[in-house]
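Trainee: I would be grateful for a close look at a single part of this model. Could you choose one residue and explain how the parts around it are arranged?

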Amino acid sequence: MSQQPFQKFINPKNNAAVKEKHKQDKKKAKKQRAAAIEKHFEEKRAARTRGFEQKPVSAKNNKRQKYPREKTEIINKSASTGDAEKKNSAHAEMPLNKFLAHCGVTSRRDAVQLIIDGKVTVNKKIVTQPAFKVNEKDDVVYNGKKLFVTKNLVYILLNKPKDYITTTDDPQNRKTVLQLTKSATDQRIYPVGRLDRNTSGVLLLTNDGELTQMLTHPSFNIKKVYEVKLDKPLTKTDFEKILNGFKLEDGEIHADALAYPDARDKSIIGIELHSGRNRIVRRIFESLGYDVKALDRVMYANLTKKNVERGKWRYLGEKEIRLLKYMNPQKMQRRNKPETNRP
């Protein structure tokens, strides 16, 4: 049998040459294909360019040429003004979930679920679509309260030192808490509630009148925690009396919670109250024959002075503001007395 059909396998040199030729043919075909594609697109680009050059001047351009220069400027100005008004109108509108977030209710993500659950009304109609467009003129109500977009509202937590009074102005020129926060904002702010001149601790200052009214209203039972330094140890009898309640000149009073922070020093007392009566902590202990040497408010409406040095201040975070503005008064009420550390 002839060996000619198997010659390329028998001779390695010839076999390599065949492979190389095949490789070069593929490269050549690839280049030709790329050139053909490029030529096709080049022709299309050229045709498009010729079409633009031959296109007649539009009627809009003809009209513009007819008017004098001054009138053209007036028309352009009018058109731009209309565009600006449309843009401002569109900017005023926003999705309902974003509106709730801007009102301080909750985050946009959490607002979606509130809307889907039918807890929000717009112009007295329940809206369940988070993307529903609203603006500031719409009557948006959540949890029975009409919502307003917050504008330039300021919330400041101050760790008040002694010898400062909680007022915006003092005829006797005594030091006020506003002197400590004058660099915080150019808005007119005021303290929420009062602390005695010789009482230190947590004090909230804001220009949010709605929040101030809510926090100072008795129905919300805002929690306040104080640390009291007495001139002598508090006896077990008086401890029980404060906890169970007794009468003062303006009515009965009892502590929500009472404890000794340090079991070795019973002259230091921790007391929790929700009453907003004037000088109530001092009057409780003074009525039992104790002299209050120092009084420090360590918590107010779940706000603490942690990481805030005496005489310093900080802005409240968004989460803190939401918790303050949307506290449920029913949850704040204490139906039962809490457990306490008995002496």
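Mentor: Two strands are said to pair if DSSP finds at least two bridges between them. With that rule in hand, we may look at a predicted model and take K160 as our subject, which lies in strand β7, residues 155-160.

Let us begin with the strand itself. β7 has two paired neighbours in what follows. Strand β9, residues 199-206, is joined to β7 by 6 bridges, and the two run antiparallel. Within this pairing, L158 of β7 stands opposite L203 of β9. Strand β17, residues 313-315, is joined to β7 by 3 bridges, again in an antiparallel manner. Here L157 has R314 of β17 as its bridge partner. As a general matter, strands of a sheet pair through backbone hydrogen bonds, either parallel or antiparallel.

The side chains of β7 point in two directions. Y155, L157 and N159 point one way, whereas I156, L158 and K160 point the other way. Both groups are buried, and β7 is accordingly described as mostly covered, with 6 of its 6 residues buried.

K160 now deserves attention in its own right. In general, side chains of opposite charge can pair when their charged atoms come close. K160, however, is buried yet has no salt bridge. The nearest side chain of opposite charge is that of D163, 7.7 Å away. A salt bridge requires the nitrogen and the carboxyl oxygen to lie within 4 Å, so a distance of 7.7 Å does not qualify.

What, then, does the side chain of K160 reach? One target is the backbone oxygen of Y164, at 2.9 Å. Another is the backbone oxygen of T199, at 2.6 Å. T199 belongs to the residue range of β9, the strand that runs antiparallel to β7. Beyond its neighbours within four places in sequence, K160 is in contact with several residues, including T166, V177, L195, D196, R197, T199, S200, G201 and R310.

One of those contacts, D196, leads us to a group of charged residues. R279 forms a salt bridge with D196, the closest N and O atoms being 3.8 Å apart. This pair links distant parts of the chain: R279 is in the loop between β14 (268-273) and α9 (280-287), while D196 is in the loop between β8 (190-191) and β9, 83 residues apart. R279 also forms a salt bridge with E286, where the closest N and O atoms are likewise 3.8 Å apart. Together, D196, R279, R282 and E286 are linked in a network of salt bridges.

Are these charged residues buried or partly exposed? R279 counts as partly exposed because its relative accessibility is 34%. D196, at 24%, counts as partly exposed, and E286, at 38%, also counts as partly exposed. The cut-off for buried is under 20%, so D196 at 24% falls outside it.

Another salt bridge offers a useful comparison. The side chains of D170 and R174 meet at 3.0 Å, N to O. D170 counts as buried because its relative accessibility is 7%, whereas R174, at 29%, counts as partly exposed. The count for the model comes to 15 salt bridges.

A further sheet may be mentioned for the sake of the whole. An open sheet of 4 strands has the order β3-β2-β5-β6, with antiparallel pairing. Its edge strands are β3 (125-126) and β6 (145-146), each of which pairs on one side only. Strand β2, residues 120-122, is joined to β3 by 2 bridges, and V122 stands opposite K125 in β3.

Finally, we should place these details in the chain. The secondary structure comes to 11 helices and 17 strands, and 33% of the 343 residues count as buried. Among contacts between residues at least 6 apart in sequence, 64% join residues at least 24 apart.

Confidence must also be considered. The chain averages a pLDDT of 80, and 77% of the residues score at least 70. Over residues 59-82 the pLDDT is below 50, and this stretch has 4 contacts beyond near neighbours in sequence. Residues 84-90 also stay under 50, with 0 contacts beyond four places in sequence. Where pLDDT is low, the predicted coordinates should not be read in detail.

Definitions and conventions: Residues are numbered from 1 along each chain as its sequence is written. Side-chain values use heavy atoms; hydrogens and water are left out. Buried means under 20% relative accessible area, exposed over 50%, partly exposed in between (1.4 Å probe, protein chains only). Lys and Arg count as positive and Asp and Glu as negative; His and the chain ends are not counted. A polar contact is a pair of N or O atoms within 3.5 Å; within protein, one must be able to donate a hydrogen and the other to accept it, and residues adjacent in sequence count only if both atoms are side-chain atoms. Contact means heavy atoms within 4.5 Å. pLDDT is the predictor's confidence in each residue, from 0 to 100.
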